[in-house]
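Trainee: I am new to this one. Can we go through a few helices together?

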Protein chains: 2
Amino acid sequence: MVNETQHTCSASSSSKSDGGSSSGSESSKDSSRCSTPVLDADRHERLREKMRRRQDSGDKWFSLEFFPPRTANAAVNLISRFDRMGAGGPLFIDVTWHPAGDPGSDKETSSMIIANTAVNYCGLETILHMTCCNQTKDDITGHLQKAKRLGLKNIMALRGDPIGEEWEEEVDGFNYAVDLVKHIRNEFDDYFDICVAGYPKGHPEAESYEADLRHLKEKVFAGADFIITQLFFRSETFLKFMKDCQAIGITCPIIPGIFPIQGYHSLRQLVKLSKLEVPQEIKDVIEPIKDNDAAIRNYGVELAVTMCRELLDSGMVHGLHFYTLNREVATTEVLKRLGIWKEDPRRPLPWAVSAHPKRRVEDVRPIFWASRPKSYIYRTQEWDDFPNGRWGNSSSPAFGELKDYYLFYLKSKSPREELLKMWGEELTGEESVFEVFTCYITGEPNKNGHKVTCMPWNDDPLATETNLLKEQLEKVNRRGILTINSQPNINGKPSTDPIVGWGPSGGYVFQKAYLEFFTSSEIVTALLKVLKKYELRVNYHIVNVKGQNITNAPDLQPNAVTWGIFPGREIIQPTVVDPVSFLSWKDEAFALWIEQWAKLYEEESPSRMIIQYIHDNYYLVNLVDNDFPLENCLWQVVDDTFELLN
Amino acid sequence: MVNETQHTCSASSSSKSDGGSSSGSESSKDSSRCSTPVLDADRHERLREKMRRRQDSGDKWFSLEFFPPRTANAAVNLISRFDRMGAGGPLFIDVTWHPAGDPGSDKETSSMIIANTAVNYCGLETILHMTCCNQTKDDITGHLQKAKRLGLKNIMALRGDPIGEEWEEEVDGFNYAVDLVKHIRNEFDDYFDICVAGYPKGHPEAESYEADLRHLKEKVFAGADFIITQLFFRSETFLKFMKDCQAIGITCPIIPGIFPIQGYHSLRQLVKLSKLEVPQEIKDVIEPIKDNDAAIRNYGVELAVTMCRELLDSGMVHGLHFYTLNREVATTEVLKRLGIWKEDPRRPLPWAVSAHPKRRVEDVRPIFWASRPKSYIYRTQEWDDFPNGRWGNSSSPAFGELKDYYLFYLKSKSPREELLKMWGEELTGEESVFEVFTCYITGEPNKNGHKVTCMPWNDDPLATETNLLKEQLEKVNRRGILTINSQPNINGKPSTDPIVGWGPSGGYVFQKAYLEFFTSSEIVTALLKVLKKYELRVNYHIVNVKGQNITNAPDLQPNAVTWGIFPGREIIQPTVVDPVSFLSWKDEAFALWIEQWAKLYEEESPSRMIIQYIHDNYYLVNLVDNDFPLENCLWQVVDDTFELLN
């Protein structure tokens, strides 16, 4: 937004406000049995409703602005930044639009695809910027249709920089942001929430501050839902601007844009682009320390915190919008010091949700993808409706093939060299594979001194919840029960529990103990004998890469393994062990041996052949202990198995 | 069936067996999200599949035959007999067809309506007999269509008695049962399961025993699924018959018809109708005691038990069909002595299920109708689909009006005089109403010495589960908190618990404490003050007859108050407190004051005016304690309310 220029002439003030007759809701209305329990209001409301609710409740909030990355690697990094900064609880993020960078394309670095990833794979409410200058109506409509198809629900409508000096208004063209606002409302009715830019000091190209305010009012009356401002250096600047807006009848939310100074050069560049003047008192501090990045950042954080406090204390400001410059430290620091960074251990559900509107009622998934939510979302992206309340008996859940292991949002955060250090430059046998699994569990360095912080089935270190099982997991992995997913049994812990809690407060969460692992056919043979003793208590599914499948699950029914009971709500059962989906997961789980691990090594190399051998000969096993109120019996099952083998 | 006569000529042996391409299933197939968890296989299978499953598992079973009653009062009695005998676990019941009695009509005594009631309101798998002799094709098709519409799935295809002596075969008419079997298969494909009659001694009108066997084979090959036999007096008779059937290629199940001798006259009449001969050794015992009903019945029970044991011990018999003559004692006694009467405290669900095929996936209901399941079924009979897994946010659950309080299957089992004795010939004030509620709870006689065994909202004595709350309920009813529904909180009791258990074994059941009552506006005012203290813990709905509604339930969401966790299954939550349905229930609950109670008294009488006053001025309240793992706080809420009033 910093490079946004402003229209300089008046435009029609015809207005169409946001009370459109067609809401974006896709829930069916023809049945009294339509199930749409609102587990988390945030998943169901539009952005403008969320803002209103926060304002009514007095909860302060923040949002984060990012620009699209230049390279594919930077895209991978940005996505993990989204995940990390998403944990702090932004109300939304926004992604800027750079006409020169092919922003509407399918490239992994385009604004469109970055915003798509933020919504669908990171579950973030997202605003996509869009500029209209020098574009045809069809281009713009095409971009908007694509955005809608991808699940984007919010547009920041901007003019964009005219190309070259000799820019002239086009008749019937998109000359100003207000034209884009009108176009969106004409073509898409009330589907999108629309944001527009405000200039606390007036736009540099505006005739006057007052003329600029009038243009802003036109944008709002043309259908914009809220305003985000250009950065400023003093809280008075914003507060005066806000009062002036209100005085001329602008009543929608106005969100101050906050720019924590992070370095000398980025400040200079920004000032140049935005044509703002840095106040003398700030220059006086910065000039002497211009080569000391850390000092400048500390000062920038201090300055931002002070200004934000003044804004919030004014009672006029409910949310703060941060220009992050795609960096993490300064903004996070400011937010933490303000006390509005909400690293809430309570997840809305036990898995990462998607913010695509068609998935807003989704509240059940097979547990298999618990550590690979992005893969799950990818493989179910073509579904028209999503399980709500119950998984059901699905004789053919149509999971898409996972062929694109290298899609940037599915890719490991670690490069090949890192992975080789963790998983072994050279494997000497199955035992060296056991060792990798064991190091991942224990967090201890491997024999070459490298910590194993990810596995092909899990790109993150062990979950805190899994830590509860660490000792037993270490023991079994050492002996060739190669675990890739597990959860302890939980018998009614408060939903606010920092380790296993999820969902609204005041509830109770439950789990059945679950264990999923690869293991040799020798161990499977012994295990099957042992499982006879546990026939009524333990459900199992055992399958190899060829699809040979052994199970005691009745009639292909799903088994709920995580559920929560909340005040005034129906039961939520977010994860199930579904026998049918397990066969789709099996393909993915086995393929990861090859795609992520074997392919690190030369073809025909011993290391690669060891992984290939495991892939071809091991079984994937899952076990559920149905007796959740009793002590987890799955460790006993494994112990009995080893005993039988000895 | 005892009055069934048999065709005497051969009929075509063209056969159409039961492997039809269209199954009766109505579940949608076009979505991978179709939810059909099988809580209880019995609710989902067709009768012939149930038989096969029982045979495979070696479980012995029984079934019960009834004839339609003559009077409306007898119909009410028969329905409560269905409920009582249904508790013993018959695999099915069947209802005979008497052409002279207008069997297909809508009269409450017709075969069709009795069978309809058994299926829909008593939840019993039911076979409707149907005879074809002297009827047009259109009549028969009409009966079958009606049966299908009402949810009947099984037909016993019979010829029926020719009217008069001079009966002659009609060309292209329905002369024999086999014609009816063929007609059903032609017109309804595989929708119905078809049963036909077998005669262990040969039909009295048959040319020979062998010819009769051939006719039976024709009926089976025309599409019958199983055979029920005419009664017989010696197990050898049946076992020989069964072997003879098998020898000529009849492989479907053959179920012996058992007739426990219950009295001298009924035996004589039966023998006359069936043209069977009573063995001399039985006559020798009976003749001397022919005026001693009890002695004959004891002997009949003894005889039946011995014969049934021989049949079961033969290994050839898996189920026994009882000719009950609409009586309870003898048959129940035989079944109990055989050990196949299964008064299983484990209900499939916490409420009475319906056996209508369209309700086979129904597993959620509002708790309000827990004591009035027949009224619930009646009011939802027009629904096309039923909640499965989740109640959902139903902005307009279309409950039918309950106007027909006097429909025989909704009617109180007690006549007016009884009700007056229980509820008071003359009421002297609100306190005398409190007294009636209190006596119902305590089980103590009222001041006139009569026990109160039912209430307008509950036609049965207090449930064993409610007994757990007896002491507290007594206390609050005495003071004008007039309870009509309640349940204790349960935190994970085994599903086999004899008092609160339900569903398959190996599971755990849970409940939130629930209390529903009528009370005065004075008490409501105090209660509302007290409830402020419990705001986060207790959900409440308070409404008067005019619909003034006070609640703290968020967004009209349902609150699950009963749920169960079972091995290898999704969560089942059979009862919810749904704020929207509560308003439909409110109309019914208030109307019952007038319809069932006030109308016992003369218009303008003081007693009637007292009930009218309560109806007009009291509130209906429901309370849910969401903290099910803690001690139920609802009694504390009520205590606090009374304290505030003092």
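Mentor: We will take one helix in chain A, then a pair of helices in chain B. Keep in mind that this is a predicted model.

Trainee: How far does helix α14 of chain A reach from its first C-alpha to its last?

Mentor: Helix α14(A) covers residues 430-442, 13 residues in total. At 1.5 Å a residue, 18 Å is expected. The model comes close to that, at 19 Å.

Trainee: Is α14(A) mostly covered or mostly open, and how many of its residues are buried?

Mentor: Buried means under 20% relative accessible area. The buried residues include A:Val433, A:Phe434 and A:Ile441. They pack against α13, α16, β10, α18 and α19 of chain A. The helix is mostly covered, and the buried count is 10 of 13.

Trainee: Which residue follows α14(A)?

Mentor: Look for a positive phi, near 80°. The residue with that phi, just after the helix, is A:Gly443.

Trainee: Now chain B. How are α17(B) and α21(B) oriented to each other?

Mentor: Their axes come within 11 Å and cross at roughly 25°. Angles under 35 degrees count as roughly parallel. The crossing is left-handed. The two helices are therefore roughly parallel.

Trainee: How many nonpolar residues are in the contact of α17(B) with α21(B)?

Mentor: From α17(B) come B:Gln472, B:Leu473, B:Lys475 and B:Val476. They meet B:Trp635, B:Val638, B:Asp639 and B:Phe642 of α21(B). By class, 2 residues of this contact are charged and 1 is polar. The nonpolar count is 5.

Notes
Residues are numbered from 1 along each chain as its sequence is written. Chains are lettered from A and ligands numbered from 1 in the order in which they are written. This is a predicted model: local features need pLDDT of at least 70, side-chain atom pairs count only at pLDDT 80 or more; totals for chains, interfaces and linings use all residues. Side-chain values use heavy atoms; hydrogens and water are left out. Helices (H or I, at least four residues) and strands (E, at least two) are DSSP runs, numbered from the N terminus. The expected span of a helix is 1.5 Å times one less than its number of residues. Buried means under 20% relative accessible area, exposed over 50%, partly exposed in between (1.4 Å probe, protein chains only). Contact means heavy atoms within 4.5 Å. Axes are lines fitted to C-alpha atoms, for helices over the stretch in contact, and angles run from 0 to 180 degrees between N-to-C directions. Angles under 35 degrees count as roughly parallel, over 145 as roughly antiparallel, 65 to 115 as roughly perpendicular and the rest as oblique. A crossing is left-handed if the near helix is turned anticlockwise from the far one by less than a right angle, and right-handed if clockwise. Ala, Val, Leu, Ile, Met, Phe, Trp, Tyr, Cys and Pro count as nonpolar, Asp, Glu, Lys and Arg as charged, and the others, Gly among them, as polar.
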